[in-house]
Amino acid sequence: MVSALLPFEGPADLSRIEAPVTLKAYLICAFAACGGLFFGYDTGWINGVLGMPYFITLYTGYSYDYDRKQPINIDPVNFGLPSSTKSLMTSILSCGTFFGALIAGDIADFIGRRLTIIIGCLIFCVGCVLQIASTNQTVLFVFGRLIAGLGVGFISTVIILYMSEIAPRKVRGALVSAYQFCITVGILLANCVVYATQDRNDTGSYRIPIGVQFLWALILGTGLFILPESPRYHVMKGQLQSAAKSLAYVRGQPIESEYIKDELAEIVANHEYEMQVVPQTSYIGSWVACFHGSLRKGNSNIRRIILGCGLQMWQQLTGINFIFYFGTTFFQQLGTISNPFFISLITTLVNVLSTPISFVAVEYLGRRFLLIYGAMGMIIMQYIVAIVGVTAGRIDANDPAAVRGMIACICINIFFFATTWGPTGWVVIGECFPLPIRSRGVGISTACNWFWNCIIAVVAPYMVGNSKGSANLGPKIFFIWGSLCIFSMLFAYFLVPEMKGLTLEQIDNMMEEVSPRKSKKWMPKTTYVAELARRDAEKSRQQWRDVHAATNTTGGLESGMMGGGYQEANEMGAIDPYGHGTTHGVHGGSGGYGNSMGRDPYESPNTVRY
Ligand code: BGC
């Protein structure tokens, strides 16, 4: 039993289970958020590179006149990579990330979150070297992308896990949103670098955009050498001294601080509680356990997996990547637009500049609010784009004002995504899993994101394309995205609970007690430490009843027990999870519950001692 090792008592007062937020906590998480750069940059550069004359020449043998900016002896429409090559080179990354994300969870539980991210950076670098080394060998390039994808999968999963586990509850949403911000910055940087090198007549055209990524790996990899391991990982491994040390570091408190003792005790108690609930079996059994439980119970593992995977799936099905992956081609098809690349750059900029709003919104308005109303905003905008697209915005109508209106609505749609579904999808998957299946849960959910990302990358060109075998939907595709957003909204309304302002352990408790629709009003009433103590007392009372029944003593003593609290139970030999023998490891008793803890992320910490 892990808790038997715990050298101190735990909190019963809810306001005491986390130290005030320090600058250091912000900085550590902000640094970890840099992992988002890999994600954004790696998805961002490939489209540009696939359209570069030098790269096309390399893989097809077509000639290109760099002075006149025209292909030689071939119609410009046909100057490009075959669709199959494009599709393979684009989607193989998602394939690698899919598997990387799935494996990463296990590795993060085995060797720790920090080390897994560092290994992810190394794998990613190997993938980059292979891609840079390739000249016109499709196999080498594709293999390089697959390996780099594995690394990105590791990083994108474990960063979320790491950040959620070390961030203080009051700003956890905001800090994880910073990860999304880095994704958007990554996409923007990729666009800029590709723009700068696209006309080069040498291998630098594609090698520079690939090589720039070493920088992210270097920054994140070396930084994580200095940062501490997640205290929750140490708890999982039963390394309580190390857990206390890293908790003290990330909270900026001395190790002997009451805050550290209390928070650690709560993490330990929660872990123990979860271990009692999740069956401990073989390796396969532990995977099966992730899908265990009743669909009706909000806190069952299967419900949490549905929550995490569903959120990532619906995030992708909002259609956002259609805009980022195929925006340039789509804008070209609308006619009337002279510089589609510029419009794409604007959409990317709107994405970057809107995301910081979510830092505050996710903590003030909450996760549910953002997801429900964000989806609503996207439904409205996407329907407007579709309706205008089939009426005044039609190519043959040749109405630049209508097309400008469509672009404005696409930008507002991006604004809604960037402030709501973009960040909140990641925030919620970092919060909704209990410690015993957290790394796997985050991994499976992230894999789900990449899976749908890949499906959209493969399918969307056929939906809007006008070549043979394509559906040539044009702007009508926004009817599909808008309709899918209705499902995103319903999913959020029925299945996503409100988690703002709660510790990961309280979230666990809340999901057990109320349905998502009632979750916003839920207030923590107890702590896991208190709950374990209550269970011990109950067990002890039962033991006494059994003893009395067996020895046939009178009921007077028993009724005394029934009326007593933890203290009495313990004095009579209850099982003390913290090995103290006399008191039951609970500070303050039940008088400390239900104070003004509330769900306000910015409430001042209650420092009342008892
Ligand atoms: C999504 C990515 C998307 C990005 C856009 C992320 O949350 O998962 O697929 O490209 O947001 O900002």
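Buried residues make up 58% of the 610 residues in the chain. Buried means under 20% relative accessible area, exposed over 50%, and partly exposed in between, with a 1.4 Å probe and protein chains only. This is a predicted model, in which local features need pLDDT of at least 70, side-chain atom pairs count only at pLDDT 80 or more, and totals for chains, interfaces and linings use all residues. Residues are numbered from 1 along each chain as its sequence is written, and side-chain values use heavy atoms, with hydrogens and water left out.

## Overall fold

The chain has 26 helices and two strands. Both kinds of element are DSSP runs numbered from the N terminus: helices are H or I with at least four residues, strands are E with at least two. The exposed area of the chain is about 23400 Å², and carbon and sulfur atoms supply 65% of it. Such areas come from the Shrake-Rupley method with a 1.4 Å probe; for residues, only the protein chains shown count as cover. Contact means heavy atoms within 4.5 Å. Among contacts between residues at least 6 apart in sequence, 77% join residues at least 24 apart.

## Ligand site

The shell around the ligand holds 15 residues, and Gln180, Gln315, Gln316, Asn321 and Asn351 come nearest. A residue is near the ligand if one of its heavy atoms lies within 4 Å of it. By class, the shell has six nonpolar, nine polar and no charged residues. Here Ala, Val, Leu, Ile, Met, Phe, Trp, Tyr, Cys and Pro count as nonpolar, Asp, Glu, Lys and Arg as charged, and the others, Gly among them, as polar.

Five helices each supply at least two shell residues: H7 (172-197), H14, H15 (320-333), H20 (421-431) and H21 (435-464). H7 gives the most, with four residues.

The table lists polar side-chain atoms paired with an oxygen atom of the ligand. A polar contact is a pair of N or O atoms within 3.5 Å; within protein, one must be able to donate a hydrogen and the other to accept it, and residues adjacent in sequence count only if both atoms are side-chain atoms.

| Residue | Distance to a ligand oxygen atom |
|---|---|
| Glutamine 315 | 2.8 Å |
| Asparagine 321 | 2.6 Å |
| Asparagine 351 | 2.9 Å |

Taken alone, the ligand exposes 310 Å², and the protein buries 99% of that.

## Helix H14

Helix H14 spans residues 301-316 and includes isoleucine 302. Isoleucine 302 counts as buried because its relative accessibility is 14%. Leaving out residues up to four places away in sequence, isoleucine 302 touches Cys290, Phe291, His292, Gly293, Ser294 and Leu295. One of these partners, cysteine 290, is itself buried, with a relative accessible area of 0%. The C-alpha atoms of isoleucine 302 and glycine 441 are separated by 9.8 Å, although the two residues are 139 apart along the chain.

Arginine 304 is also found in H14. Is arginine 304 buried or exposed? Its relative accessibility is 2%, so arginine 304 counts as buried. The arginine 304 side chain makes a polar contact with the side chain of aspartate 508, at 2.8 Å. Not counting residues up to four places away in sequence, the residues touched by arginine 304 include Glu274, Cys432, Phe433, Pro434 and Met511.

## Strand S1 and the loops

Aspartate 65 is found in strand S1, residues 63-65. Aspartate 65 is buried, because its relative accessible area is 17%. A polar atom of the aspartate 65 side chain lies 3.1 Å from the backbone nitrogen of arginine 68. Beyond four places in sequence, aspartate 65 touches Gln70 and Ile72.

Lysine 69 lies in the loop between S1 and strand S2 (70-72). The phi of lysine 69 is near 55°, a positive value in a residue other than glycine.

Asparagine 398 has a positive phi too, near 45°. Asparagine 398 sits in the loop between helix H18 (367-390) and helix H19 (400-419). At 52% relative accessibility, asparagine 398 counts as exposed.

## Cysteines

How many disulfides does the structure hold? The structure holds zero disulfides. Cysteine 128 is in no disulfide; the nearest cysteine sulfur, that of cysteine 125, is 6.1 Å away. A disulfide is a pair of cysteine sulfur atoms within 2.5 Å, so that pair does not qualify. Cysteine 128 counts as buried, at 0% relative accessibility.
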